[in-house]
Amino acid sequence: MHSANGVAFSYNELNHKLDKKVERKIMQHKEEWMKTPLELPELPYAKDALAPVISEQTIDYHYGKHHKAYYDTTKTLVKGTELEGASLEEIVEASGKDPSMKKLYNNAAQAWNHNLYWKQFAPVGKGKMPAKLETLFKENFGSVEDFKKKMVEEGVARFGSGWAWLVVDDGKLDVYSTPNGDNPWKDGKFPVFGLDVWEHAYYLDYQNLRKKHLEEVLDKIVNWDYVLELIDRYIGQ
Ligand SMILES: [Fe+2]
């Protein structure tokens with residue numbers, strides 16, 4: 001759920017209203033938020049900035065090949081369709097509702113998921129957790145460590161490929177996981193942090209040790225200021 005200007009609404013409600021073009025305020029919200037262009041974003045740090053937690057070699061493949069391919073495929077699939085020229089968020093939302101667009105959804109959702117993934121990191125030692133976020137984790141999970149433990153458990157338990165997410169759900173923080181490239185919007189939840197548990201995210205650096213990789217990521221390279229910024233956006237504080 002999101003709250004802006006005193007109006008609370010779920011993502012599904014938001015899109016229902018967007019489709020009908022009945023809420024000027026919500027249209028403004030769309031202008032501000034659902035506008036990511038179909039271009040692979042630059043990394044917000046050097047390719048070796050996350051090492052040794054995530055090596056430069058992993059970034060070369062994960063960002064340079066996999067993330068780029070999600071964008072390239074999305075661009076190819078929307079070319080000449082009514083979604084050509086739409087923002088990445090609009091494509092994820094529209095394709096997620098139409099089973100015949102499953103391939104487009106998989107690629108567009110993964111493009112968006114990886115945008116968040118790279119942006120939510122900071123060079124080793126730079127990501128101090130703000131006191132406000134510590135308090136939110138205590139309120140929602142018991143402690144910061146309990147939050148991290150829950151994220152890791154969700155990531156380890158995800159069979160095959162997928163994501164473990166910290167989401168804002170009905171105004172509260174929650175942790176859960178999704179299969180393959182699915183994005184939490186489909187479930188009416190807002191993702192604010194995601195752990196990629198596809199093997200391409202960790203196998204070069206950790207081989208089969210998914211749990212260790214997830215623990216290292218949570219302990220060393222998260223840009224917690226950015227996570228809090230997203231939480232504030234969705235909770236509307
Ligand atoms: Fe990935």
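Start by selecting Tyr226 in this predicted model. Tyr226 is partly exposed, because 18 other C-beta atoms lie within 10 Å and a residue needs 20 or more to count as buried. The residue belongs to helix 10. Now add Gln120 to the selection: the two are 106 residues apart along the chain, yet their C-alpha atoms are separated by 6.2 Å. If you set aside the neighbours within four places in sequence, the contacts of Tyr226 are with Lys119 and Gln120.

**Zoom out**

Show the whole chain as a cartoon. You should be able to count 10 helices and 5 strands. The protein has 237 residues, and 32% of them are buried. Take the contacts with a separation of 6 or more: 65% of these join residues 24 or more positions apart. The pair you just looked at, Tyr226 and Gln120, is 106 residues apart.

**The sheet**

Next, select strand 3 (residues 162-169), strand 4 (172-179) and strand 5 (190-196). Together they make an open sheet of 3 strands in the order 4-3-5, with antiparallel pairing. Which strands sit at the edges? Strand 4 and strand 5 do, each pairing on one side only. On average, neighbouring strands here are turned by 25 degrees against each other, direction ignored.

While the sheet is on screen, bring back helix 10 (residues 224-235), the home of Tyr226. Helix 10 packs on the sheet and touches strand 3 and strand 5. Its direction makes about 150 degrees with that of strand 5.

Colour strand 3 by itself now. Is it buried or exposed? Buried residues account for 7 of its 8, so strand 3 is largely enclosed by the rest of the structure.

Then walk along its two pairings. Strands of a sheet pair through backbone hydrogen bonds, so switch those on if your viewer can draw them. On one side, strand 3 pairs with strand 4 over 8 bridges, in the antiparallel sense. Pick out Val167, which stands opposite Asp174 in strand 4, and then Gly162, which faces Pro179 in that strand. On the other side, strand 3 pairs with strand 5 over 6 bridges, again antiparallel. Here Leu166 is the residue to click, with Phe193 of strand 5 opposite.

Before leaving, follow the chain from strand 3 into strand 4. The two form a hairpin with 2 residues between them. Click Asp170 in the turn: its phi is positive, at about 55 degrees.

**Helix 3 and its two partners**

Now hide the sheet and select helix 3 (residues 56-78) along with helix 8 (residues 199-206). What angle do their axes make? They cross at roughly 160 degrees and come within 8 Å. That angle makes helix 3 roughly antiparallel to helix 8. The crossing is right-handed. Show side chains for Gln57, Thr58, Tyr61, His62 and His66 in helix 3, which meet His200, Ala201, Leu204 and Asp205 in helix 8. Sorted by class, this contact has 3 nonpolar, 5 polar and 1 charged residues.

Keep helix 3, drop helix 8 and select helix 5 (residues 102-119) instead. These axes also come within 8 Å, crossing at roughly 140 degrees. That makes helix 3 oblique to helix 5, and the crossing is left-handed. On the helix 3 side, light up Tyr63, His67, Tyr70, Tyr71, Thr73, Thr74, Leu77 and Val78. They meet Lys103, Leu104, Asn107, Ala108, Gln110, Ala111, His114 and Trp118 in helix 5. By class, you are looking at 9 nonpolar, 6 polar and 1 charged residues.

For a last stop, select Lys119, which is in helix 5 (residues 102-119) and is one of the contacts of Tyr226. That brings you back to the residue where the tour began.

Definitions and conventions. Residues numbered from 1 in each chain as written. Predicted model: local features only at pLDDT ≥ 70, side-chain atom pairs only at ≥ 80, totals over all residues. Axes fitted to C-alpha atoms, helices over the stretch in contact; angles between N-to-C directions. Helix = DSSP H or I, 4+ residues; strand = E, 2+ residues; numbered from the N terminus. Parallel < 35°, antiparallel > 145°, perpendicular 65-115°, else oblique. Left-handed = near helix turned anticlockwise from the far one by under 90°. Contact = placed C-beta atoms within 7 Å. Nonpolar A, V, L, I, M, F, W, Y, C, P; charged D, E, K, R; others polar. Pairing = 2+ DSSP bridges. Buried ≥ 20, exposed ≤ 12 C-beta atoms within 10 Å, placed from the backbone.
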